[in-house]
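This report describes one protein structure together with its ligand. It turns to the ligand site before the sheets and the backbone geometry.

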Amino acid sequence: MRVLFVTSECYPLVKTGGLADVAGALPLALADDGVDARVLLPAYPGVRDQLQGARRVATLPDVFGGPAGLVHGTTVDGLHVWLLDAPHLFARKGGGPYTGPDGRDWPDNHVRFAALSWVGAHVATQGVGRWKPHVVHLHDWQSALTAAYLRFGPQPAPPSLLTIHNLAFQGVFGLDIAAQLRLPPAATHDDGMEYWGNLSFLKAGVLWSTRLNTVSPTYAREILGNEQGMGLDGLLRTRAHELSGIVNGIDDTVWDPATDPHIAHHYSVHKLPAKAANKTALQHELGLHVRPDAPLVCVISRLSWQKGLDLLLGALPRLLAAGGQLALLGSGDRDLEAGFRHAAVSHPGRVAAVVGYDEPLAHRLQAGSDAVLMPSRFEPCGLSQLYGLRYGTLPVVARVGGLADTVIDANEAALRDGVATGFQFSPVDTDSLAVALERVCDLYPDRTAWQRVQRRAMSRDVGWATAARSYVALYHRLAGEAAASTSR
Ligand code: ADP
């Protein structure tokens with residue numbers, strides 16, 4: 001089985017979010033199941049230099065306004081990558097994959113990601129050398145248009161799977177760009193990718209991909225509803241029987257408390273008491289009172305409306321009244337940054353706030369805290385709660401999306417049966433959040449019960465193997481259906 005990933009990010013080459021982790025880790029996990037998955041990615045500045053054995057393997061004379069080529073190489077982990085080397089679209093100094101140095105979207109993002117998608121469809125149907133995929137795997141709006149080029153291009157075309165990592169990002173552009181997309185008028189009319197007077201790349205993917213999935217079963221259900229459907233729920237409902245949810249894995253070698261190079265004291269489910277020294281070190285580092293008996297709750301997050309951290313500012317007095325401490329690492333919304341800085345100044349020794357992005361500190365927070373909080377309003381999958389499970393840092397989560405699917409609430413029955421792995425709350429409001437934090441502080445002094453939950457959490461398999469098996473099943477189903485339809 002050969003699978004082509006078309007993606008705008010891939011760890012460790014280029015990353016702005018969780019999509020990069022999936023595109024970097026899933027193909028490697030698939031290899032263990034006998035799937036040859038390779039990645040097509042834009043050649044952003046500096047990416048080629050990270051590949052081993054990089055060399056040009058194909059020339060594409062006209063890719064949306066300029067000559068381009070494909071450069072093949074492998075990552076340090078042995079992942080095969082083709083870079084779309086189109087200097088007129090991707091070789092730009094400053095900024096990131098989607099935004100320029102001024103922080104604004106590149107004005108021609110529609111052309112840049114139409115080009116990636118168009119080349120994706122080209123590789124899917126023509127192959128590179130002797131390599132030709134059985135299935136094409138698309139990710140989010142940046143590669144969703146591949147489904148349109150496959151639908152309206154030369155046949156037969158291989159089947160496609162679109163993974164929606166976050167429905168909030170849809171790639172919406174003005175109708176006036178239609179002529180630049182190299183698609184027939186039928187594709188851009190209102191039965192096609194037209195979307196409330198604009199064009200939506202993600203809608204094209206939802207319409208024309210052979211199958212759809214998202215990154216947790218609960219999110220797959222939620223996006224069929226008006227509240228979380230972001231305007232696409234009607235269309236998604238028409239394809240509900242072709243939409244599934246597969247929870248992401250994490251890189252359990254990078255996130256392993258037994259070997260983590262960022263933490264001072266290694267521990268594991270068999271050496272749990274050693275975790276305490278990380279808490280002491282963290283309390284020292286952040287200027288918190290060094291108190292082993294105070295439950296320390298951490299947050300590691302983008303500060304945005306989605307993440308629900310405005311609710312935490314409201315619930316904070318009740319956490320502190322219950323004897324807890326808070327350590328927050330995050331950046332984003334200016335008001336939230338100011339709010340947490342102010343909370344730290346108002347409650348010295350009990351609240352610490354670090355504004356910024358700091359990967360090593362994220363590891364120290366997971367290792368040194370007792371609980372990790374995610375009060376998200378919506379969360380397609382979520383990663384921090386999975387790291388929390390791995391580190392015995394009990395997740396305290398809103399009962400939405402992937403958070404609902406990955407944490408078992410420490411209610412009385414779950415505690416009695418020994419299956420609890422964290423805390424859930426619902427609805428997502430200040431009072432429910434405060435109650436959940438109070439429950440954390442209530443359970444914490446019962447060391448036997450707490451450690452039982454920790455052990456259960458740390459025993460959960462959160463690596464990629466489970467997700468990879470689910471994807472393999474989907475690919476086989478797609479390839480089988482395609483073979484059956486061509487033989488008819
Ligand atoms: P999202 O992708 O919506 O931001 P996830 O929970 O899926 O949320 O992934 C967030 C990832 O980003 C986690 O790996 C988390 O550790 C990391 N992260 C978020 N903010 C920071 C920060 N300020 N410093 C370090 N890591 C961060």
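In this predicted model, a nitrogen atom of the ligand lies 3.0 Å from a polar backbone atom of Asp 358. Two further polar contacts of the ligand are listed with it below.

| Ligand atom | Protein partner | Distance |
|---|---|---|
| Nitrogen | Asp 358, polar backbone atom | 3.0 Å |
| Oxygen | Leu 383, polar backbone atom | 3.0 Å |
| Oxygen | Arg 302, side-chain N or O atom | 2.8 Å |

The ligand taken alone exposes 560 Å², of which the protein buries 87%. Around the ligand stand 15 residues, and those that come nearest are Arg 302, Lys 307, Gly 356, Asp 358 and Leu 383. By character, the shell consists of seven nonpolar, five polar and three charged residues. Strand S13, strand S14 and helix H14 (384-390) each contribute at least two residues to this shell. The largest share, three residues, is supplied by S13.

**Strands S13, S14 and S15**

Two of the elements that line the ligand, S13 and S14, are also partners in a sheet. Strand S13 (residues 296-303) runs parallel to S14, and eight bridges join the two. Within this pairing, Leu 296 is opposite Gln 325 of S14. The connection between the strands includes helix H11 (residues 309-321), and S13, H11 and S14 together make a right-handed β-α-β unit.

S14 also runs parallel to strand S15 (residues 351-355), to which five bridges join it. Here Leu 329 has Val 354 in S15 as its bridge partner. From S14 the chain crosses through helix H12 (residues 334-346) to S15, again as a right-handed β-α-β crossover. How much of S14 is covered? Six of the eight residues in S14 (residues 325-332) are buried, and the strand is mostly covered.

**Strands S1, S2 and S5**

A second set of parallel pairings involves strand S2 (residues 36-42). Because six of its seven residues are buried, S2 is largely enclosed by the rest of the structure. Strand S1 (residues 2-6) pairs with S2 in the parallel sense over five bridges, with Val 6 opposite Leu 40 in S2. S1, helix H1 (residues 18-31) and S2 form a right-handed β-α-β unit. S2 pairs in the parallel sense with strand S5 (residues 80-85) as well, over four bridges. In that pairing, Leu 41 has Leu 83 in S5 as its bridge partner.

**An antiparallel sheet**

Strands of a sheet pair through backbone hydrogen bonds, either parallel or antiparallel. The antiparallel arrangement appears in an open sheet of three strands, ordered S8-S10-S9. Its edge strands are S8 (172-174) and S9 (194-195), each of which pairs on one side only. Three bridges link S8 to strand S10 (residues 198-200) in the antiparallel sense, and Phe 173 stands opposite Leu 199 in S10.

**Backbone geometry**

Most residues other than glycine have a negative phi, and most peptide bonds are trans. Which peptide bonds are cis? One cis bond joins Tyr 11 and Pro 12, with omega about 5°; another joins Gln 155 and Pro 156, with omega about 0°. Pro 12 lies in the loop between S1 and H1, whereas Pro 156 lies in the loop between helix H5 (146-152) and strand S7 (160-164).

Positive phi values occur at Asp 140, near 60°, and at Trp 196, near 50°. Asp 140 belongs to helix H4 (residues 140-144). Its relative accessibility is 7%, and Asp 140 therefore counts as buried. Trp 196 is located in the loop between S9 and S10, within the sequence that links two strands of the antiparallel sheet. Trp 196 counts as exposed because its relative accessibility is 70%.

**Gly 129**

Is Gly 129 buried or exposed? Its relative accessibility is 73%, above the 50% cut-off, so Gly 129 counts as exposed. Gly 129 sits in the loop between helix H3 (109-126) and strand S6 (135-139). Between Gly 129 and Asp 405 the separation is 276 residues in sequence and 42 Å in space, C-alpha to C-alpha.

Definitions and conventions:
Residues numbered from 1 in each chain as written. Predicted model: local features only at pLDDT ≥ 70, side-chain atom pairs only at ≥ 80, totals over all residues. Heavy atoms only, no water. Buried < 20%, exposed > 50% of the residue type's maximum accessible area, 1.4 Å probe, protein only. Pairing = 2+ DSSP bridges. Right-handed = clockwise from strand over helix to strand, strands pointing away. Near = heavy atom within 4 Å. Polar contact = N/O pair within 3.5 Å; in protein donor to acceptor, adjacent residues only side chain to side chain. Areas by Shrake-Rupley, 256 points an atom, 1.4 Å probe, with all protein chains shown as cover. Nonpolar A, V, L, I, M, F, W, Y, C, P; charged D, E, K, R; others polar.
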